[in-house]
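Student: Hi! I have a new structure open and I'd like to talk it through with you. Can we start with one contact and work outwards?

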Amino acid sequence: MYPRIGECDETYGGNNINYGIPQAAASTPSSSYSMRPYLRTQQEWSTHLFHCLDDPAICFVTCCCPCITFGHIAEIVNKGNPTLTGRACLYSCNYRSKMRAQFDLPEAPCMDCLVHFCCETCALSQEYRQLRNLGFDLSIGWEANMERQRQGITVAPQILAAS
């Protein structure tokens, strides 16, 4: 059903890349670039799932009251819109999925729901660290983060033409 390894290889700039194009089609110059797929690179998580103790304060807060950490994460992921209240562990995996989609992160080490159901504290701590490493201060909320970002934007100086 699928081609064997090496049966559909192409060479671009010295790199041997398999795109699933038969050798006969790959040899014609006009088809070699028109059939090239869009290659997209995915970001990586800035910290590992089990590096909770890299930030002991967040780990402690998340262990004692995960709803606080989840609330900070949900406010940033929802861009300031109100979130649900109650049992965060029941729907926190949905916010991990939203966050991964927003920041193009891989679903690792396994499915989002499994990560949250098996290790809620580690998952929330990793998400908190990820947002912090992206430049968000989760303790001040969405609006204050946007205000800080607006203040940090500088305008390029105008170039005056010499007369």
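Tutor: Happy to. In this predicted model, the side chains of D55 and R132 meet in a salt bridge, with 2.3 Å from N to O.

Student: Where do D55 and R132 lie, and how many residues apart are they in sequence?

Tutor: D55 is in the loop between α2 and α3, while R132 belongs to helix α7, so their bridge ties together parts that are 77 residues apart in sequence.

Student: And are they buried or exposed, or partly exposed? Start with D55, then R132.

Tutor: D55 counts as buried because its relative accessibility is 14%, under the 20% cut-off. R132 has 34%, so R132 counts as partly exposed.

Student: Which other residues sit in that loop? What about T47?

Tutor: T47 is placed in the loop between α2 and α3. T47 counts as buried, at 16% relative accessibility. Its side chain is joined to that of R129 by a polar contact of 2.9 Å. Leaving out residues up to four places away in sequence, T47 touches Q126, R129, Q130 and N133.

Student: And H51?

Tutor: H51 is also found in the loop between α2 and α3. With a relative accessible area of 38%, H51 is partly exposed. The C-alpha atoms of H51 and S125 are separated by 8.5 Å, although the two residues are 74 apart along the chain.

Student: Back to salt bridges. How many does the structure hold?

Tutor: The structure holds 7 of them. One of these joins the side chains of E107 and R100, at 3.9 Å from N to O. E107 is partly exposed at 42% relative accessibility, whereas R100 is buried at 16%.

Student: What about R150, which residue does it form a salt bridge with?

Tutor: R150 forms one with E147, and the closest N and O atoms are 3.0 Å apart. Both residues lie in helix α8, 3 residues apart, which is about one turn of the helix. R150 is partly exposed, with a relative accessible area of 48%, and E147 counts as partly exposed too, at 36%.

Student: Which residues do salt bridges with shared partners join into one network?

Tutor: That network consists of R96, R100, E107, D112 and E127.

Student: New topic: rings. How many aromatic pairs are there?

Tutor: There are 3 aromatic pairs in the structure. F103 and F136 make an edge-to-face one, 6.3 Å centre to centre and with 70 degrees between the planes. This pair links distant parts of the chain: F103 is in helix α5, F136 is in the loop between α7 and α8, and they are 33 residues apart.

Student: Is F136 buried or exposed?

Tutor: F136 counts as buried, at 16% relative accessibility. Its partner F103 is partly exposed, with a relative accessible area of 23%.

Student: Which other aromatic pair includes F136?

Tutor: F136 pairs with W142 as well, and this pair is stacked: 6.3 Å centre to centre, with 25 degrees between the planes. W142 is buried, having a relative accessible area of 12%. Ring pairs thus link F103, F136 and W142 into a cluster.

Student: And the nonpolar core? Which residues touch the most other members of the largest one?

Tutor: I73, L131, F136 and L138 do, in a core of 18 residues. The elements giving two or more residues to this core are α4, α5, α7 and α8. The largest share, 5 residues, comes from α4.

Student: What does L138 touch?

Tutor: Not counting residues up to four places away in sequence, L138 touches H72, I73, I76, Y128, L131 and R132. You met R132 earlier, in the salt bridge with D55.

Student: Last one: what does the whole chain look like?

Tutor: Its secondary structure comes to 8 helices and 2 strands. Reading from the N terminus, the elements run β-β-α-α-α-α-α-α-α-α. The chain has 163 residues, and buried ones make up 34% of them. About 10900 Å² is exposed, with carbon and sulfur atoms supplying 59% of that. Among contacts between residues at least 6 apart in sequence, 54% join residues at least 24 apart.

Technical notes: Residues numbered from 1 in each chain as written. Predicted model: local features only at pLDDT ≥ 70, side-chain atom pairs only at ≥ 80, totals over all residues. Heavy atoms only, no water. Phe/Tyr/Trp six-rings, centres within 6.5 Å; stacked < 30°, edge-to-face > 60°. Helix = DSSP H or I, 4+ residues; strand = E, 2+ residues; numbered from the N terminus. Buried < 20%, exposed > 50% of the residue type's maximum accessible area, 1.4 Å probe, protein only. Contact = heavy atoms within 4.5 Å. Areas by Shrake-Rupley, 256 points an atom, 1.4 Å probe, with all protein chains shown as cover. Core = buried A, V, L, I, M, F, W, Y, C linked by side-chain atoms within 4.5 Å. Polar contact = N/O pair within 3.5 Å; in protein donor to acceptor, adjacent residues only side chain to side chain. Salt bridge = Lys/Arg side-chain N within 4 Å of Asp/Glu carboxyl O.
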